Amino acid sequence: MPRPAGRAAARDRQIEIGGVVDEQALKLYAEYRGRLETQLQAAYDQFDKAILTLSGGALALSIGFIKDVVPLSRAVWKPLLISSWVGFAVAVLLTVVSFLVSQRAYELQIQSAQDYFVDDVADALNRRNHCSGWVRGLNIAAIGSFIIAVVLTISFVAVNTMRGS
């Protein structure tokens, strides 16, 4: 998920030491910030992959093997299990949608950068990138859906295994 660079980029041009812009400090700051942004983006990408992998895997395992842990013919509270499947599927769908919205967020950020650096639009980097906010919201919803699905699956298994013993 891209992060808005607006205000920070404007500050980049204003690094001053004793009232004079220090080009060396500006260059070092830009390099350091670039590395941090790359690492932050990698962390977001890993988060998305983790939610997608864990949700998809948990859904597949739950559908494929829950009958070996809890015989469905004797299971109680089946809506818990079905709800957990829905939760895992929703987490996968939200993550996939966040990929698409993230692409749009990058396109908007690239356009803002072009407007600022090429077309000399002074406030272009201060534009709000509404897609970045959507990506964050989708990611929060995906992790929430995943957590709820895990709790529902564990509850279903716990209720049915304790009942059988």
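**Figure 1. Asp 115 and its salt-bridge partner.** Asp 115 is buried, with just 10% relative accessible area. This is a predicted model, and in it the side chain of Asp 115 meets that of Arg 127 in a salt bridge, 2.6 Å from N to O. The two residues tie together distant parts of the chain: Asp 115 belongs to helix H3, Arg 127 to the loop between H3 and helix H4 (130-164), and they are 12 residues apart. Is Arg 127 buried or partly exposed? At a relative accessible area of 35%, Arg 127 is partly exposed, while its partner Asp 115 is buried.

**Figure 2. Arg 127 and Gln 109 across the chain.** Staying with Arg 127, we can look at another residue of the chain, Gln 109. Arg 127 and Gln 109 are 18 residues apart along the chain, and their C-alpha atoms are separated by 9.0 Å. Arg 127 itself sits in the loop between H3 and H4.

**Figure 3. A salt bridge within helix H3.** Here Arg 104 pairs up with Glu 107 in a salt bridge, with 3.2 Å between the closest N and O atoms. How far apart are these two in helix H3? They are 3 residues apart, so about one helical turn separates Glu 107 from Arg 104. As a rule, an α-helix has 3.6 residues a turn, so residues three or four places apart point the same way. Both partners are partly exposed: Glu 107 has a relative accessible area of 45%, and Arg 104 has one of 41%.

**Figure 4. A salt bridge within helix H2.** Arg 33 and Glu 37 make another of the 3 salt bridges that the structure holds. Their closest N and O atoms are 2.8 Å apart. Both residues are part of helix H2 (residues 23-69), where they lie 4 residues apart, about one turn of the helix. Which side of the burial cut-off does Arg 33 fall on, buried or exposed? With a relative accessible area of 19%, Arg 33 is buried, because buried means under 20%. Glu 37, on the other hand, comes in at 38% and so counts as partly exposed.

**Figure 5. Helix H2 from end to end, with its bend.** H2 has 47 residues and spans 65 Å from its first C-alpha to its last, close to the 69 Å expected at 1.5 Å a residue. Where does H2 bend? The bend is at Ile 63, and it amounts to about 45°. The buried residues of H2 include Ser 62 and Ile 66. Others on that list are Leu 26, Arg 33, Gln 41, Tyr 44, Asp 48, Ile 51, Ser 55 and Leu 59.

**Figure 6. The largest nonpolar core.** This core has 13 residues, and Phe 88 and Val 101 are the ones that touch the most other members. Three helices chip in, with H2, H3 and H4 each supplying at least two residues. Which helix gives the largest share? That would be H4, with 6 residues. For the wider setting, the protein chain has 165 residues, and buried residues make up 31% of them. Its secondary structure comes to 4 helices and 2 strands, and from the N terminus on the elements run α-β-β-α-α-α.

**Figure 7. A nonpolar patch on the surface.** Ile 82, Val 86 and Val 90 together make a nonpolar surface patch of about 230 Å². Val 86 lies in helix H3 (residues 78-117). Its relative accessibility is 48%, so Val 86 counts as partly exposed.

**Figure 8. Two loop residues with positive phi.** Most residues other than glycine have a negative phi. Trp 77 is not a glycine, yet its phi is positive, at about 60°. Trp 77 is in the loop between H2 and H3, and it is exposed, with a relative accessible area of 55%. Asp 120 is another non-glycine residue with a positive phi of about 60°. Where is Asp 120 found? Asp 120 is in the loop between H3 and H4. With a relative accessible area of 66%, Asp 120 is exposed.

Definitions and conventions:
Residues numbered from 1 in each chain as written. Predicted model: local features only at pLDDT ≥ 70, side-chain atom pairs only at ≥ 80, totals over all residues. Heavy atoms only, no water. Patch = residues over 30% accessible without salt bridge, like charges linked within 9 Å, V, L, I, M, F, W, Y side chains within 5 Å. Areas by Shrake-Rupley, 256 points an atom, 1.4 Å probe, with all protein chains shown as cover. Salt bridge = Lys/Arg side-chain N within 4 Å of Asp/Glu carboxyl O. Buried < 20%, exposed > 50% of the residue type's maximum accessible area, 1.4 Å probe, protein only. Expected span 1.5 Å × (residues − 1). Bend = angle between axes of the 7 residues up to and from the residue. Core = buried A, V, L, I, M, F, W, Y, C linked by side-chain atoms within 4.5 Å.
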